[in-house]
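Reader: I have a structure to look at and some labels that I do not understand. Could you go through the reasoning behind them?

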Amino acid sequence: MRSAVRGLRLLGAVVLGTVTALLDLAFLLPALPFARRGGVREAARRLAVLDARRLGLDPAALGLGAVRGDGREMRYLAARAPVGVLGGLVVVLLGIGAGFAGVLAWSWGRGLPFDGMSPTAPLLAYAALAGGVLLFLDLSGLVGVYALERRLAQRLLGPDPTEALRRRITELSESRAGVLAAVDAERRRIERDLHDGLQQRLVALSMLAGRARRGRPELLDQIHEQAQQAVGELREVAWRVYPSGLDSLGLADALAGVAERSAVPVKVVCELPARPPMAVETVSYFVVSEAVTNAAKHAGATAVTVEVRGDDTMVVVCVQDDGVGGADPAGGGLSGLARRVAALDGRFTVASPVGGPTVITAELPCG
């Protein structure tokens, strides 16, 4: 059933391609002398967009969002017009063959001779064999025309391979620089936490211990409390450097630990068919940890929902809170997360209208 539907769609695309090919020829013949004019280029772009949609291609991915000055659209229309006419001829031959087979079947089914030929067993076998071969050739021609049209559109309208490679190199260079910047920013943040938090607490703990030694045993309870707080802060800093629980427990248990340590209630839903690569787990953990921390400290949230879902090719992490919204994607924490995600060729989005809610989504490829 699905094959039949796909076949009908392909036939419809080729038939429509014949119609658009005739439109392209009707447009190109009078428009070629004025090919550099803006109106002509815009009309050529619209015809190319129509053709890309007919072939199931994304016009934006082919660069058809705006008029380009290199005349690619005109060259494409000129190149694909003969292919569209060829597709029309293949469709006509298919229609002629189907009509001939229908008339032959109708005549022989009523016991009437067709063009002086009576239905005998050898003749029926010959007709079936010849009709099957011709049908196969016609259907192969339809598939070939459709594939050729898609190839032409991708080759003539899509970005130049050299330019695409250059863009890819630029993206990789930017993501590498972003990762280095994120690592440096995280190092500075850890140093600040150690200097302003843990170091000061240890100094106070040392002073309390000195006073207790001079005959004030009542300070021992304060020393014990300060030591516990120092251990807790040290554990938090260590987990920000790298969540060691990921190695042994996995992402679901590590995220459960984030929920337990959070100052606001956090609901975690982690549904993964298999354990993703370690790099994906690490980035997913940091996305959730940073988003939950921001929701508690800056958004005034009272509840946070974390969903991690995936398949064999993609892991999607979504964190939503009911805070006041207005989160700035260019801020230090969120921009650092965006660079981490970009380093894995992932996609990072932040939706945070004023008044909330804030939704942070990271899409991470596993392949």
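**Labels and their reasons**

Author: Start with Arg-275 and Glu-281, whose side chains meet in a salt bridge, 2.9 Å from N to O. Keep in mind that this is a predicted model.

Reader: What makes the contact of Arg-275 and Glu-281 a salt bridge?

Author: The nitrogen must lie within 4 Å of a carboxyl oxygen. For Arg-275 and Glu-281 the N to O value is 2.9 Å, so the contact meets the cut-off of 4 Å.

Reader: Is Glu-281 buried or exposed, and how do you know?

Author: Buried means under 20% relative accessible area. Glu-281 has 1%, so Glu-281 counts as buried. Its partner Arg-275 has 45%, which lies between 20% and 50%, so Arg-275 is called partly exposed.

Reader: Which residues form the salt bridge with 3.5 Å between the closest N and O atoms?

Author: Glu-307 and Arg-309. Glu-307 has 32% relative accessibility and counts as partly exposed; Arg-309, at 34%, counts as partly exposed too.

Reader: Why are Arg-45 and Glu-42 said to be separated by about one helical turn?

Author: Because they are three residues apart in helix H2, residues 38–54. Their side chains also meet in a salt bridge, at 2.8 Å from N to O. Arg-45 has 14% relative accessibility, so it counts as buried.

Reader: How many salt bridges are there by this rule?

Author: The count comes to 11. Some salt bridges form a network, which links Asp-24, Asp-51, Arg-54, Arg-80 and Glu-149.

Reader: Why is the pair of Tyr-285 and Phe-286 called edge-to-face?

Author: The structure holds one aromatic pair. Its ring centres are 5.7 Å apart, and the limit for a pair is 6.5 Å. The planes stand at 75°; over 60 degrees counts as edge-to-face, so the label fits. Both Tyr-285 and Phe-286 are buried.

Reader: What sits over the ring of Phe-286?

Author: The charged end of Arg-340, 4.2 Å from the ring centre. The distance limit for this label is 6 Å.

Reader: Which residues have the most contacts inside the largest nonpolar core?

Author: Tyr-285, Val-287, Val-288, Val-304, Val-306 and Val-317, in a core of 32 residues. Among the elements that each supply at least two residues of this core are helix H8 (251–261) and strand S2 (304–310). The largest share, nine residues, comes from H9. Another core, of 28 residues, lies apart from it and includes Ala-31 and Val-49.

Key:
Residues are numbered from 1 along each chain as its sequence is written. This is a predicted model: local features need pLDDT of at least 70, side-chain atom pairs count only at pLDDT 80 or more; totals for chains, interfaces and linings use all residues. Side-chain values use heavy atoms; hydrogens and water are left out. Rings of Phe, Tyr and Trp (its six-membered ring) pair if their centres lie within 6.5 Å; planes under 30 degrees apart count as stacked, over 60 as edge-to-face and the rest as tilted. Buried means under 20% relative accessible area, exposed over 50%, partly exposed in between (1.4 Å probe, protein chains only). A charge sits over a ring if NZ of Lys or CZ of Arg is within 6 Å of the ring centre and within 35 degrees of the ring normal. A nonpolar core is a set of buried Ala, Val, Leu, Ile, Met, Phe, Trp, Tyr and Cys residues joined through side-chain atoms within 4.5 Å. Helices (H or I, at least four residues) and strands (E, at least two) are DSSP runs, numbered from the N terminus.
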